[in-house]
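Here are my notes for you, written as numbered points. Keep the structure open while you read and look up each spot as it comes.

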Amino acid sequence: MTLKIGPYTLPSNVLLAPMAGVTDRPFRILCRRFGAGLAASEMLSADVRLWDTPKSRRRMDHAGEPAPRVVQIAGFDPEMMADAARRNVDAGAQIIDINMGCPAKKVCNRLAGSALLQDEELVARILRAVVQAVAAPVTLKTRTGWDRDHKNGLQIAKIAQDSGIAALAIHGRTRTDMYQGDAEHDTVRAIKAAVKIPVFANGDIDTPQRAKQILDATGCDGIMIGRAAQGRPWIFDEVNFFLSSGEIRPALALEKVRDIMRAHLEDLYAFYGDQTGVRVARKHLSWYFRQHPGQEDLRNRLVEIETPEEQLSTLLQHFGQQRKINGDLYLRPWSLKRNRNHVEKSRLHSTAGT
């Protein structure tokens, strides 16, 4: 099935969910290489006065990112949201995504994110203002409602369609649910049945089998994967393969995981600089090692290291020792300085054939 958002034909109906502090440019590009159909930026405040910070500038950096490039904005003022959308399109964004799903208190306390679900009239004003401000397609990420007694996701979806929104992503929880309990997709199914625009189901999709189950149960056009991609960016390849063939991908070989981690860390150091890159890499390393129980000591060492050279060398020395135990050749520790010119070649090799 060909799936389009505005003029853009998506290469896959399995998307990466935007996540603050996670979906930076290196992670978005990595997930796209593994088959994510779209990968939206981290949430960007609509208040342009807050953009002149290193964090905001990095969130607006899309150099080398494959099209279509998606920027997610959040705010409560229609005019500010429209202005933010225009500025991002002028800077190269090809799709604008509006956040009405974030449950974080610091967002909701500013009447943004999922707090907007309490005011349907304001939702309509924001959506209309942004759609009218840009020629690029505008999408909406939201939840099933504010709380379980006020599940107005269906009404929000109809408002979105009437306002010109090009596609919807629905997280199967209310704002007060946060990320607790199980996501429910009955509301998502009702929303899909009520609107004609593409709808993506989100929430607790963590295996290829679960992805197909949710697609079949909801009738949605696609799915959106968030937390399950942390430490497992190859989940998009696994899901795409299962949806097309009905078969399960073999587990990635240890050396393939090693190469993916190496390329990811190199990208983080290059994007953030050495000091910040090491700190950001720590959480990704923790997520990667969550897939491999029994490596807690190594994980604890890696999150205490202060330099890229030592962090990467320690990681790859571990894999070298592991390979030696298995009877294979020992992998000499990676020298970041010596191999800096070979980063791109290594990265392309690490993702080839996945």
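1. Let's begin with empty space. Keep in mind that this is a predicted model. It holds 2 cavities of 30 Å³ or more, and the largest cavity has about 130 Å³ of space in it.

2. Who stands around that largest cavity? Its lining is made of 16 residues. Those nearest the centre are Leu-15, Leu-38, Asp-97, Thr-139 and Met-224, so click on these five if you want to find the spot.

3. Which strands help to line the largest cavity with at least two residues each? There are four to look up: S3 (14-16), S6 (95-100), S7 (138-143) and S8 (167-171). S8 gives the most, with 3 residues. As for character, the lining divides into 14 nonpolar residues, 1 polar and 1 charged.

4. Now for helix pairs. Two packed helices are described by the angle between their axes and the distance between the axes. I'll go through three pairs with that in mind.

5. Take helix H8 (residues 208-218) and helix H9 (residues 235-245) to start with. They pack with their axes 8 Å apart, at an angle of about 55 degrees. Are they parallel or oblique to each other? Oblique: an angle of about 55 degrees is neither under 35 nor within 65 to 115 degrees, so H8 and H9 count as oblique. H8 passes H9 in a right-handed crossing.

6. Zoom in on where H8 and H9 touch. From H8 come Pro-208, Gln-209, Ala-211, Lys-212 and Leu-215, and on the H9 side they meet Glu-238, Val-239, Phe-242 and Leu-243. Sorted by type, the residues of this contact are 6 nonpolar, 1 polar and 2 charged.

7. Next up are helix H6 (residues 153-163) and helix H7 (residues 186-194). Their axes come within 9 Å and cross at roughly 30 degrees. Angles under 35 degrees count as roughly parallel, and H6 and H7 are therefore roughly parallel to each other. Their crossing is right-handed. H6 brings Gly-153, Leu-154, Ala-157, Lys-158 and Gln-161 to the contact, while H7 brings Ala-190, Ile-191 and Ala-194. That makes 5 nonpolar residues, 2 polar and 1 charged.

8. The last pair is helix H1 (residues 25-33) with helix H10 (residues 254-272). Here the axes cross at roughly 145 degrees and come within 9 Å. H1 passes H10 in a right-handed crossing. On the H1 side look for Arg-25, Pro-26, Phe-27, Leu-30 and Arg-33, which meet Ile-260, His-264, Asp-267, Leu-268 and Phe-271 of H10. The split for this contact is 6 nonpolar, 1 polar and 3 charged.

9. Two backbone details deserve a look as well. Where does Pro-68 sit? Pro-68 is in the loop between helix H2 (54-59) and strand S5 (70-74). The peptide bond that joins Ala-67 to Pro-68 is cis, with omega about -5 degrees.

10. The other detail is Asp-204. This residue is not a glycine, yet its phi is positive, at about 60 degrees. You'll find Asp-204 in the loop between strand S9 (199-202) and H8, and H8 is the helix you met in its packing against H9.

Technical notes
Residues are numbered from 1 along each chain as its sequence is written. This is a predicted model: local features need pLDDT of at least 70, side-chain atom pairs count only at pLDDT 80 or more; totals for chains, interfaces and linings use all residues. Side-chain values use heavy atoms; hydrogens and water are left out. Axes are lines fitted to C-alpha atoms, for helices over the stretch in contact, and angles run from 0 to 180 degrees between N-to-C directions. Angles under 35 degrees count as roughly parallel, over 145 as roughly antiparallel, 65 to 115 as roughly perpendicular and the rest as oblique. A crossing is left-handed if the near helix is turned anticlockwise from the far one by less than a right angle, and right-handed if clockwise. Contact means heavy atoms within 4.5 Å. Ala, Val, Leu, Ile, Met, Phe, Trp, Tyr, Cys and Pro count as nonpolar, Asp, Glu, Lys and Arg as charged, and the others, Gly among them, as polar. On a 1 Å grid over the protein atoms alone, a cavity is a set of points where a 1.4 Å probe fits but cannot get out, and a pocket is an open set with protein on both sides within 12 Å along at least five of seven lines; lining residues have an atom within 4 Å of a point. Grid points are joined across faces, edges and corners, and a volume is the space filled by probe spheres set on the points.
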